[in-house]
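Thanks for coming. I will go through one structure this morning, starting with a pair of helices and working outward from there.

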Amino acid sequence: MDLDRDQALRKAAALLARRPCATLGEAAQAAEMSRSTLYRYFAGRDAFTQALELLGITECEAALKVTRLDDGQASEAARRLACEFEPAADLLTYRYSGSHLADRWAHLADQIDAVFRRGQRQGEFRKDFTSAWLTEALCGLLVSGAEAVREGRMAREDFPYMIAELLLGGASARTGNGCTGSAEVHDSKSL
């Protein structure tokens, strides 16, 4: 894929993360290209959305490869995830599009779940949260963090720290306070 095309997709993804119903004309403007150029690359909104999703999954898979999920403590792997996923955070919103890439998104989530399950087994993470929920929370924080950076509410260099420490502070192996829930949550995969 052409580097300029990827940059255009990233810029359009930032707009569409904020405004999912934006027109292709608005997406073209955000991508700093004309509508005719956008239509030269993409036959319509479906092709455009599929390209965004493909870029997202490709970048997330690449980030996952360099994260070294099995190295060291699970909490350190989660911190590396926050750091490596930052450039693709806007594109994580496409993991719910239900397209032909659903299997690849699920495989990605399974690898992240495994980090949280390992941390739970080793006593690093709370066991009253499922690994699937921790994975969803991480993805949600990444998307929200990207928006905060984009809108100037958080400095880009603070992104990995803020995401990881908020998640891990809530996921640490200590008794939760506040709302009551099941003392032990069972992972949906084990049921």
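What you see is a predicted model. I begin with helix α4, residues 45-67, and helix α6, residues 102-121, which pack at an angle of about 30° with their axes 10 Å apart. Angles under 35 degrees count as roughly parallel, so α4 is roughly parallel to α6. The crossing of α4 over α6 is left-handed. On the α4 side, the contact is made by E53, L54, G56, I57, T58, C60, E61 and L64. On the α6 side, R104, W105, L108, Q111 and I112 take part. Sorted by type, the residues of this contact are seven nonpolar, three polar and three charged.

Now a step back to the whole chain. How many helices and how many strands does the protein have? There are eight helices and zero strands. Read from the N terminus, the order of elements is therefore just α-α-α-α-α-α-α-α. The protein has 191 residues, and 42% of them count as buried. Take the contacts between residues at least 6 apart in sequence: 66% of those join residues at least 24 apart.

Back to α6, and to another of its partners. Helix α5, residues 74-85, comes within 8 Å of α6, axis to axis, and the two cross at roughly 150°. From α5, the residues that meet α6 are A74, A77, A78, L81 and F85. They meet L108, I112, V115, F116, R118 and G119 of α6. The residues of this contact come to nine nonpolar, one polar and one charged. L108 and I112 are listed in the contact with α4, and they are listed in the contact with α5 as well.

That leaves the pair α4 and α5. Their axes are 9 Å apart, and the packing angle is about 140°. Oblique is the word for what remains once angles under 35, over 145 and from 65 to 115 degrees are set aside, so α4 and α5 are oblique to each other. Here α4 passes α5 in a right-handed crossing. C60, A63, L64, V66 and T67 of α4 meet A77, R80, L81, E84 and F85 of α5. By type, that contact divides into seven nonpolar, one polar and two charged residues.

A little more on α6 by itself. With 20 residues at 1.5 Å a residue, α6 should span 28 Å, and its end C-alpha atoms are indeed 28 Å apart. The buried residues in α6 are W105, L108, I112, D113, V115, F116, R118, G119 and Q120. Let me stop at Q120, which belongs to α6. Is Q120 buried or exposed? The cut-off for buried is under 20% relative accessible area, and Q120 is at 9%, so Q120 is buried. Setting aside residues up to four places away in sequence, Q120 touches F125, R126, K127, F129, T130, S131 and L134. After α6 comes G123, with a positive phi near 80°.

Next, α7. This helix has 20 residues and reaches 29 Å from its first C-alpha to its last, close to the 28 Å expected. Its buried residues include S131 and L134, two residues that Q120 touches. Further along α7, G145, A148 and V149 are among the buried residues too. α7 is followed by G152, whose phi is positive, near 80°.

Where does M154 sit? It lies in the loop between α7, residues 131-150, and α8, residues 159-171. M154 has 13% relative accessibility and therefore counts as buried. Not counting neighbours within four places in sequence, M154 is in contact with G145, A148, V149, F159 and M162.

Last, a residue from the start of the chain. R10 lies in helix α1, residues 3-18. At a relative accessible area of 25%, R10 is partly exposed. Leaving out residues up to four places away in sequence, R10 touches L55 and E59. The C-alpha atoms of R10 and G56 are separated by 9.0 Å, although the two are 46 residues apart along the chain. G56 brings us back to the opening pair, where it is one of the α4 residues in contact with α6.

That is the tour.

Technical notes
Residues numbered from 1 in each chain as written. Predicted model: local features only at pLDDT ≥ 70, side-chain atom pairs only at ≥ 80, totals over all residues. Heavy atoms only, no water. Axes fitted to C-alpha atoms, helices over the stretch in contact; angles between N-to-C directions. Helix = DSSP H or I, 4+ residues; strand = E, 2+ residues; numbered from the N terminus. Left-handed = near helix turned anticlockwise from the far one by under 90°. Contact = heavy atoms within 4.5 Å. Nonpolar A, V, L, I, M, F, W, Y, C, P; charged D, E, K, R; others polar. Buried < 20%, exposed > 50% of the residue type's maximum accessible area, 1.4 Å probe, protein only. Expected span 1.5 Å × (residues − 1).
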